[in-house]
Amino acid sequence: MSLLRNEPLDWQSHPETSYIPVYHKGSLVGFFKQEYVNEILYFLNEEEVLKKALKKACSDLLKKTGGDTSKVNYLVQKYIKVSERPKFGTRAIALLLQERQKELDLNNQEFVKFCDTFKISPTELNSIYAGEPIDDNLLAPISRVLGITRERVQEVRDGVEVQKST
């Protein structure tokens, strides 16, 4: 019987931990630990300022170019989409290759030679950076350059989420 009493209870309270309420435009959205609340609020408010600045810049751009100012939100979304880190497709592979180059501390010419030793020609490498489709025959060489499996490269290229087996 004493063994059961030593196990932690499912429901507990910790009155020594204080949480601060956080509001967005007057509505309660959650509670955060006191040591994190200032940093979280700074980040969230900074994000709002940047969104407003992007909207203003897009509006100014449309006005100066004689564009339709009712398309401001479309233009904002377009710039956000282009600025996001690509998760899939040729752009994602190109970004992984650029990161690998930095990781290896190689200049452009050295990295081109490095890739060529793994059977990715300078022309093929330029095609990847230009966003052209990646042929299946390049999956293995790219995987060797990146140090990841061929299957993972194919998943990134084709936009397939990694499925974990249970």
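Residues 162-166 are the stretch to treat with care in this predicted model. Over residues 162-166, pLDDT stays under 50, and the model gives this stretch just two contacts beyond four places in sequence. Where pLDDT is low, the predicted coordinates should not be read in detail. As for the whole chain, the average pLDDT comes out at 91, and 93% of the residues score at least 70. Among the chain's elements, helix α1 (residues 2-5) has the lowest confidence, with a mean of 57. At the other end of the scale sits helix α7 (residues 139-146), where confidence is highest, at 98.

Next comes the overall layout. The chain splits into two domains: domain 1 covers 27-83, and domain 2 covers 90-158. Going by C-alpha atoms, the centres of domain 1 and domain 2 are 33 Å apart.

Now for a pair of strands. β1 (19-24) pairs with strand β2 (residues 27-33), and the two run antiparallel, joined by six bridges. Tyr19 stands opposite Lys33, which belongs to β2. β1 and β2 form a hairpin with two residues between the strands. In this hairpin, Lys25 takes a positive phi, near 50°.

Lys25 turns up again in the lining of the largest pocket, which has a volume of about 200 Å³. Val22, Tyr23 and His24 are also in the lining, along with Val29. The rest of the list reads Leu41, Leu44, Asn45, Glu47 and Glu48. Two elements, β1 (19-24) and α2 (34-65), each give two or more residues to this lining. The largest share comes from α2, which supplies five residues. Sorted by class, the lining is a bit of a mix: five residues are nonpolar, two are polar and three are charged. Glu47 and Glu48 are among the lining residues that count as charged, and so is Lys25. Asn45 and His24, also in the lining, fall in the polar class.

Methods:
Residues are numbered from 1 along each chain as its sequence is written. This is a predicted model: local features need pLDDT of at least 70, side-chain atom pairs count only at pLDDT 80 or more; totals for chains, interfaces and linings use all residues. Side-chain values use heavy atoms; hydrogens and water are left out. Domain bounds come from an automatic or database domain assignment. pLDDT is the predictor's confidence in each residue, from 0 to 100. Helices (H or I, at least four residues) and strands (E, at least two) are DSSP runs, numbered from the N terminus. Contact means heavy atoms within 4.5 Å. On a 1 Å grid over the protein atoms alone, a cavity is a set of points where a 1.4 Å probe fits but cannot get out, and a pocket is an open set with protein on both sides within 12 Å along at least five of seven lines; lining residues have an atom within 4 Å of a point. Grid points are joined across faces, edges and corners, and a volume is the space filled by probe spheres set on the points. Two strands pair if DSSP finds at least two bridges between them.
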